[in-house]
Amino acid sequence: MPKAKITREEALAYHLEPTPGKFEITPSVPMTTQRDLSLAYSPGVAVPCEEIAANPELAYDYTNKGNLVAVISNGTAVLGLGNLGALGSKPVMEGKAVLFKRFADVNSIDIELDTEDPEAFCNAVRLMGPTFGGINLEDIKAPECFIIEQRLKEEMDIPVFHDDQHGTAVICAAGLINALHLSGKKIEDCRIVLNGAGAAGIACLELVKSMGAQQDNCIMCDTKGVIYQGRTEGMNQWKSAHAARTDLRTLEEAMKGADVFLGVSAKGAVTQEMVSSMAENPVIFAMANPDPEITPEEAHEVRADAIVATGRSDYPNQVNNVLGFPYLFRGALDIHARAINDEMKIACAEALAELAREDVPDEVALAYGKNLTFGRDYIIPTPFDPRLIHRIPPAVARAGMDTGAARRPIVDMEAYELSLKSRLDPTASILRGINARARANQARMIFAEGDDPRVLRAAVMYQRNGLGKALVVGREDDVKAKLQAAGMADAARELEIINAANTRHLETYKDFLYSRLQRKGHDEKDIHRLAARDRHVFAALMLAHGHGDGLITGATRKSAHVLERMNYVFDADAEHGAVGVTALLHKGRIVLISDTLVQEWPDEHDLATIAERSADVARHLGLEPRVAFVSFSTFGYPVSERATKMHLAPKVLDARGVSFEYEGEMTVDVALNAQAQKAYPFSRLTGPANILVVPARHSASISTKLMQEMAGATVIGPILAGVDKSIQICSSVSTANDILNMAVLAACKVG
């Protein structure tokens, strides 16, 4: 499978559009009336102020402190880029803040401090303590990072955690637990060699020692060789703490007979000879980024029995910090912890290790395009495992409670785990799953409107993201000029540009089209004009003849016009059961609305077909379908002939014997609100509906556009379902990203 390629232009556009940066702040309370403002600010705000002044613990009840983490850096060690300064580090810190939100629903804000003086840095952070429930230090160079973290831990009463040190250490420890489990070794008996005596390396060694590794069995190396007792060159107090009593002097000597190698150093630091000299079933964690100390291929070439992990996502066993820090802070915040101690870190590592030994859920296998089972190539869970959010924080919280770090222990752990499950955003896993399936399918995607810069950007992204081959319908000189204007001139060589003038198949296409349209008032001249000059029809003919696997169109013309053109080539109409399904994503919920594209005024039989097609789309997206036929009446009241067909449609489904939940007719609040549903205990729906079948296309259009404009919902679709080939029609206001999303749906053959 081709590797995704990210260009400078794409990276800059991602951070620039739709607004500069990666997050914004939105209020969580009403802020509309004068009364709201009086409660939010003066005079109402005085009441919680007085309460907190009298009892500081109440800050966790009346403010956002209990779910707010600061990501703080001075930019002295940004990724692998070195000292970029405070401002240069801001995109990374913003990124870290959104990862907190995405993976563990922790609110986070980035703070960049313009100082390299540890004293000034510590003072600034300490003075901000009242604001936050925890501090995540990031990208600060060694040895200052040790001084800063140690001082802040002593001076502050909230968790202070340097992720570059401990995040890596925790995931490394989780992988090590399982690697030793597989090789039948105990940590206290293992000879462990660590290369790279920086922040992450020292933290890794400290954590494995606190898990039972013996001091003199652990050999730490830096660029000058083994750190041994008595060495004076290139030493500091942190290295000295790990100096071993040993006669070994080089990494090469240390590797002979070693059970475990931990690398946080540099590309190529380990040779195949070193790997050959290790003990049976060696464990090799080559975690240097972006390139490991030795690649898994090189290691396995000389040692088939090696268990190898790296820091990269394109190899098995990725040591990825995102498995740790969001969940460590989630657990720590939820017990109002004073600190994140070693016991909490070890609990996190053990919980991660345990999770990897269990059966992997289907959605994870689907997302990765392969079955994952515990073994040499799967010793660490994947970052997208949906169980992480409700398995890791409780383990961290328990350890914090057991060690006295909790200010407010959790009384009902079962209820806590349930609350964590509800924090998971299902829309994120759905979108990720279809992206992974698209990447596995490697579909040849036809982009019909190659004269539009948005479509060209989407086609380039489709191909460079490793999703498949992009086929663009357009004139070569025009496509090249538009790519150049968009700053992507180099992409012209990558895309395959197709038109009526350069295809061998035009006569075949025309014969096919004539056979379909000759009795519908089209003569041969009409057929030539359609096939050779209408890009929508030409693209549809390509798809019909298997010269592409999916088709994206509609960005430049109204959907009704495009659908009419599709029907020249395919049976994409109401008579043949075609349906348009629009997905609305809002505040972690996904609801499908249909029909939004094809059927103007469906009867009860059409509505039943719409429900069936919508259920297919829902299953393709990984949802268990629950259909509500919605109207202005609920179960027959108020009585209206306009609602009759919505009342009859479920009876049609009864007769068809379908295998999904459905009910109706009902109002939208009864369909979507679990509380409102309680008034109708006889309803067949076991929870809120995720598919709304509406009475007509105008109500579908009004509903989706109202949600988009007033609520800011993300709209995907309409997704065309019930047609023999994979066609998706974009809206004319689509961004390049929207068009790419539709291409991903087409590649997965959704609908």
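## A five-stranded parallel sheet

In this predicted model, an open sheet of five strands follows the order E13-E12-E11-E14-E21, with parallel pairing. Strands E13 (496–498) and E21 (726–729) occupy the edges and have a single partner strand each, so one side of each is left without a neighbour in the sheet. From one strand to the next, the twist averages 25°; axes are lines fitted to C-alpha atoms, for helices over the stretch in contact, and angles run from 0 to 180 degrees between N-to-C directions. Strands (E, at least two residues) and helices (H or I, at least four residues) are DSSP runs numbered from the N terminus, and two strands count as paired if DSSP finds at least two bridges between them.

At one edge, strand E12 (residues 468–473) pairs with E13 in the parallel sense over three bridges. Val 472 has Ile 497 of E13 as its bridge partner. Strands of a sheet pair through backbone hydrogen bonds, either parallel or antiparallel.

## Strands E17 and E18

Strand E17 (residues 626–630) is joined to E18 by five bridges, and the two run parallel. The bridge partner of Val 630 is Met 666 in E18. Between these strands the chain passes through helix H28 (residues 641–656), and this β-α-β crossover is right-handed. A crossover has this hand if, with the strands pointing away from the viewer, the path from the first strand over the helix to the second runs clockwise.

Strand E18 (residues 661–666) is largely enclosed by the rest of the structure, because five of its six residues are buried. Buried means under 20% relative accessible area, exposed over 50%, and partly exposed in between (1.4 Å probe, protein chains only).

## Overall dimensions and packing

The protein chain contains 32 helices and 21 strands. Its radius of gyration is 30 Å, which agrees with the value near 27 Å for a compact globule of 751 residues; the radius is taken over C-alpha atoms, and the globule rule is 2.2 Å times the number of residues to the power 0.38. Along the principal axes, the C-alpha atoms fill a box of roughly 95 × 65 × 50 Å.

Buried residues account for 53% of the 751 residues in the protein chain. Among contacts (heavy atoms within 4.5 Å) with a separation of 6 or more, 70% involve residues 24 or more positions apart. The accessible surface of the protein chain is about 33300 Å², with 52% belonging to carbon and sulfur atoms. Accessible areas come from the Shrake-Rupley method with a 1.4 Å probe; for residues, only the protein chains shown count as cover.

## Backbone exceptions

Most residues other than glycine have a negative phi, and most peptide bonds are trans. A cis peptide bond joins Ala 142 to Pro 143, with omega about 0°; Pro 143 is placed in the loop between strand E3 (134–137) and helix H8 (144–155). Another cis peptide bond links Ser 594 and Asp 595, with omega about 5°, and Asp 595 is found in the loop between strand E16 (589–594) and helix H27 (604–620).

Asp 105, although not a glycine, has a positive phi of about 55° and lies in the loop between helix H6 (90–104) and strand E2 (107–112). Lys 749, likewise not a glycine, has a positive phi of about 60°. Lys 749 lies in the segment after helix H32 (736–747) and, at 45% relative accessibility, counts as partly exposed.

## Conventions

Residues are numbered from 1 along each chain as its sequence is written, and side-chain values use heavy atoms, with hydrogens and water left out. For this predicted model, local features need pLDDT of at least 70 and side-chain atom pairs count only at pLDDT 80 or more, whereas totals for chains, interfaces and linings use all residues.
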